[in-house]
Amino acid sequence: MQTTATPTHCPYCALQCGMNLTPAPDGTVEVSERTDFPVNRGALCGKGRTAPAVLASNVRLTSPLVREQGALVPASWDEALDRIAEGLRRTRAEYGPDGVGVFGGGGLTNEKAYTLGKFARVVLGTSQIDYNGRFCMSSAAAAGIKAFGLDRGLPFPLEDIPRTGCVILVGSNLAETMPPSLRFLTELKENGGTLIVIDPRRTRTAEQADLHLAPRPGTDLALALGLLHLVIAEGRVDEEYVQERTVGWEDARAAAMAHWPEYVERITGVSVPELRETVRMFCEPESAMVLTARGPEQQSKGTDTVGAWINLCLATGRAGRPLSGYGCLTGQGNGQGGREHGQKADQLPGYRKLDDPAARRHVAEVWGVDPDSLPGPGRSAYELLDALGTDVRSLLLMASNPVVSAPRAAHIEERIKSLDFLAVCDVVLSETAALADVVLPVTQWAEETGTTTNLEGRVLLRRQAITPPDGVRSDLEVLHELAARLGVEKGFPTDPEEIFEELRRASAGGPADYSGITYRRLVEENGVFWPCPAVEPEGLTGAEDGAGGPGAQGSAPGRPASTDDRPAATGDTPAATGDTADPAHPGTPRLFLDRFATPDGRARFVPVSHRAIAEEPDDEYPVLLTTGRVVAQYQSGAQTRRVAELNAAAPGPFVELHPRLAARLGAAEGDPVAVVSRRGRAVAPARITNTIRPDTVFMPFHWPGEGRANSLTNPALDPTSRMPEFKACAVRLEAVRP
Ligand SMILES: Nc1nc2c(c(=O)[nH]1)N[C@H]1C(S)=C(S)[C@@H](COP(=O)(O)OP(=O)(O)OC[C@H]3O[C@@H](n4cnc5c(=O)[nH]c(N)nc54)[C@H](O)[C@@H]3O)O[C@H]1N2
Ligand SMILES: Nc1nc2c(c(=O)[nH]1)N[C@H]1C(S)=C(S)[C@@H](COP(=O)(O)OP(=O)(O)OC[C@H]3O[C@@H](n4cnc5c(=O)[nH]c(N)nc54)[C@H](O)[C@@H]3O)O[C@H]1N2
Ligand code: SF4
Ligand SMILES: [Mo]
């Protein structure tokens, strides 16, 4: 066992903070500061600091489990794998390939997400694959593709934030969800820039703001339209930019003109003077940014909502210019890469489209299969879960816990229970794994190597720091073994770097082009931003040409990439020097600076209009419920609820409500409150605070059981992104006699 520190990255959120890991003599693992990674410069939140606790053998799974007479009991790997192959084979024989479903996660490394997508299409031949990222950033992705021709969470590095003039943060509580990134906002203010936060709650993030707007949940679309109306009315449109770099302005302008500030005030609850002040703060400086997160995106109109914020950026010339732009703060560890390499229902590696014949040909060639053998696009995540037990009879699930995290969770739990066969790969016995016929225990972040792509589009190498315990295998070994048992002997290697080499080829020429990236470069350069093609098109030599992939900027002359690099042995990471041993494209930290990724290089305005949330409050359900996160728990809590320090900080669910609502209910602080929606009922202690709107209650979604927020949420889907409306539904509150 090695005892030196291995520089690697956190297993949890999309910041992918750098950290050093050192195995201690007592078998535990120590986390220490790693200051060379620019995103966090050594800082970590409590989840990252305590992540090694989940590596301990008394917390995690170390043996496969199979269901015998109703109970999960330990079994050998061979038996467990045989049962899965048999279960999937039986369904396929009875119902055809689309009877088998696959559900993935944005926490999977690029190599795993890529292999899972390939496994579904090549081994199972099913179209029925999607993943939890659909619940995360799919609306922002859809809007980005519409407007810019490309979706990359942030089109610039986080380090640009402190140097812009104004940041509007829409529905992000990054002080709790990405704590080390708060530094960029603090530095922004120190440099004289301003911060506007838009959130129905005065969160820890909103407390940092120069201006906090607290709209009614689900009204961000109207808010953005009202701001654009004022931009036009006050003569603040950047006409020259609109002329040169965009199309579609007239329709977007007409739509915005119909949204008078007074009308918008009535819809959102944000006053006209606040709207005017926002426009002034956003438009006066040289540069400005709009950053969105789940608040405006997890709505049944999330795509249009993000589109409206992008329109505001385009009308004011604040996109594709230095220190200006629109960005989405992607959520999961590999939320960005996980949406690029083919575990999404409509997608092939390199962010290619499954319904594009050229893309099918390219990827089929890399995979050595007939393009016609690849299935077409399948169902989106909620629709897939909703079809379990009816159209989709067996499911292979990797890296998600939908019993806790899916909308209308009681219904989804029933659907999962009605499956003919469920196999789950996880590191712990999650609430969903507990329902499986077979559970496979897999290796974790610190025990394996692989790449992730953080919210900036920076591809990173997570390196193995410790040896996994006996009894666990990697997700890649699982897919290799299952492929072999299902008759595909080749094409499913278990070495992550070998898979990455194939991913490079599969992504080459696609929007998310990784072909110029090698493991060695990732170590030496501390990550590389995509697109990073291996060889540039002939005749293009520099930034002026926008060479280097769609909307790329700052390309170096083409140099061929070598493919035989091996990562340096673990040890200290050399500082990023830009001087690489692997001669290739330098990567693309900043997108769109002189053209967008559309065929004509211009951004598209999208004409959008206000519409109501899918379920407005009424007499029976008079209150709005919104949901989200707390700093000490992660997602469904499957991992963080097993860490003592985190449970001490955030022991359970709660209902956050305004004193006025509490008084009407007769509830005191800590009293159990029932929240009831058309989908179900949840009970949790009251947390009374005047930092939330009086018409809204908030629940975090990290817990199963009685306090499960998703028992209540509404699966109304966005028509484009198929994102469910996690952020607004109608509920009533009931006092509960203890
Ligand atoms: N501690 C912790 N950190 C995490 C995670 C975690 O589970 N725990 N998960 C990671 C992942 S996958 C993600 S996606 C990110 C999410 O990161 P965020 O988007 O920051 O997290 P949320 O708490 O879901 O939502 C942010 C805010 O949106 C507000 N909001 C609710 N409704 C509306 C609305 O209608 N409009 C507006 N403007 N705001 C609204 C909520 O009050 C909340 O404060 O966090 C990542 N980081
Ligand atoms: N009400 C409400 N619901 C929400 C949201 C909300 O804001 N409100 N947010 C949504 C969002 S943005 C997201 S991203 C989802 C997330 O919700 P989930 O998809 O449930 O995410 P996690 O809880 O992270 O589940 C990941 C599971 O995979 C396991 N795991 C971790 N790493 C690996 C690995 O490498 N391999 C394998 N096989 N397993 C692994 C973990 O132990 C855990 O059980 O929740 C969504 N649900
Ligand atoms: S902010 Fe995110 S990446 Fe950083 S330590 Fe916390 S959970 Fe890990
Ligand atoms: Mo997410």
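**Aromatic pairs, an N-terminal sheet and the surroundings of ligand 2**

Phe-500 counts as buried in this predicted model, because its relative accessibility of 0% falls under the 20% limit for burial. The partner of this residue is Tyr-514, and the two rings form a tilted aromatic pair, with 6.4 Å from centre to centre and 50° between the planes. The pair links distant parts of the chain, since Phe-500 belongs to helix H19 (residues 496–507) and Tyr-514 to the loop between H19 and helix H20 (519–525), 14 residues apart. Tyr-514 likewise has a relative accessibility of 0% and therefore counts as buried.

A search of the whole structure finds 10 aromatic pairs. Among them is the pair of Tyr-114 and Trp-367, whose ring centres are 6.3 Å apart. The planes of Tyr-114 and Trp-367 stand at 70°, which is over the limit of 60 degrees, so the pair is classed as edge-to-face. This pair also links distant parts of the chain: Tyr-114 is found in helix H3 (residues 110–124) and Trp-367 in helix H14 (residues 357–367), with the two positions 253 residues apart. Tyr-114 has a relative accessible area of 1% and is therefore buried. Trp-367, at 9% relative accessibility, counts as buried as well. One aromatic cluster is formed by Phe-148, Phe-592 and Phe-596.

Charged side chains also lie over aromatic rings. The charged end of Arg-687 is placed over the ring of Phe-654, at 3.6 Å from the ring centre. Arg-183 lies over the face of Phe-184, and the distance to the centre of that ring is 4.4 Å.

An open sheet is built from 3 strands in the order S1-S2-S3, with antiparallel pairing. Strand S1 (6–9) and strand S3 (29–32) stand at the edges; each has a single partner strand, so one side of each is left without a neighbour in the sheet. On average, neighbouring strands of this sheet are turned by 40° against each other, direction ignored. S1 and strand S2 (residues 18–23) run antiparallel and are joined by 4 bridges. Within this pairing, Pro-7 stands opposite Asn-20 in S2.

Around ligand 2 there are 31 residues, of which Asn-132, Ser-400, Ser-405, Asp-426 and Ser-636 come nearest. Polar contacts to oxygen atoms of the ligand involve both side-chain and backbone atoms of the protein. A polar side-chain atom of Lys-112 is 3.0 Å from an oxygen atom of ligand 2, and a polar side-chain atom of Lys-727 is likewise 3.0 Å from an oxygen atom of the ligand. For Asn-401, a polar backbone atom lies 2.9 Å from an oxygen atom of ligand 2.

A further position concerns strand S28 (residues 714–717), which contains Pro-715. The relative accessible area of Pro-715 is 15%, under the 20% limit, and the residue is therefore buried. Pro-715 and Gln-299 are 416 residues apart along the chain, and their C-alpha atoms are separated by 9.7 Å.

Notes: Residues are numbered from 1 along each chain as its sequence is written. Chains are lettered from A and ligands numbered from 1 in the order in which they are written. This is a predicted model: local features need pLDDT of at least 70, side-chain atom pairs count only at pLDDT 80 or more; totals for chains, interfaces and linings use all residues. Side-chain values use heavy atoms; hydrogens and water are left out. Two strands pair if DSSP finds at least two bridges between them. Axes are lines fitted to C-alpha atoms, for helices over the stretch in contact, and angles run from 0 to 180 degrees between N-to-C directions. Rings of Phe, Tyr and Trp (its six-membered ring) pair if their centres lie within 6.5 Å; planes under 30 degrees apart count as stacked, over 60 as edge-to-face and the rest as tilted. Buried means under 20% relative accessible area, exposed over 50%, partly exposed in between (1.4 Å probe, protein chains only). A charge sits over a ring if NZ of Lys or CZ of Arg is within 6 Å of the ring centre and within 35 degrees of the ring normal. A residue is near a molecule or strand if one of its heavy atoms lies within 4 Å of it. A polar contact is a pair of N or O atoms within 3.5 Å; within protein, one must be able to donate a hydrogen and the other to accept it, and residues adjacent in sequence count only if both atoms are side-chain atoms.
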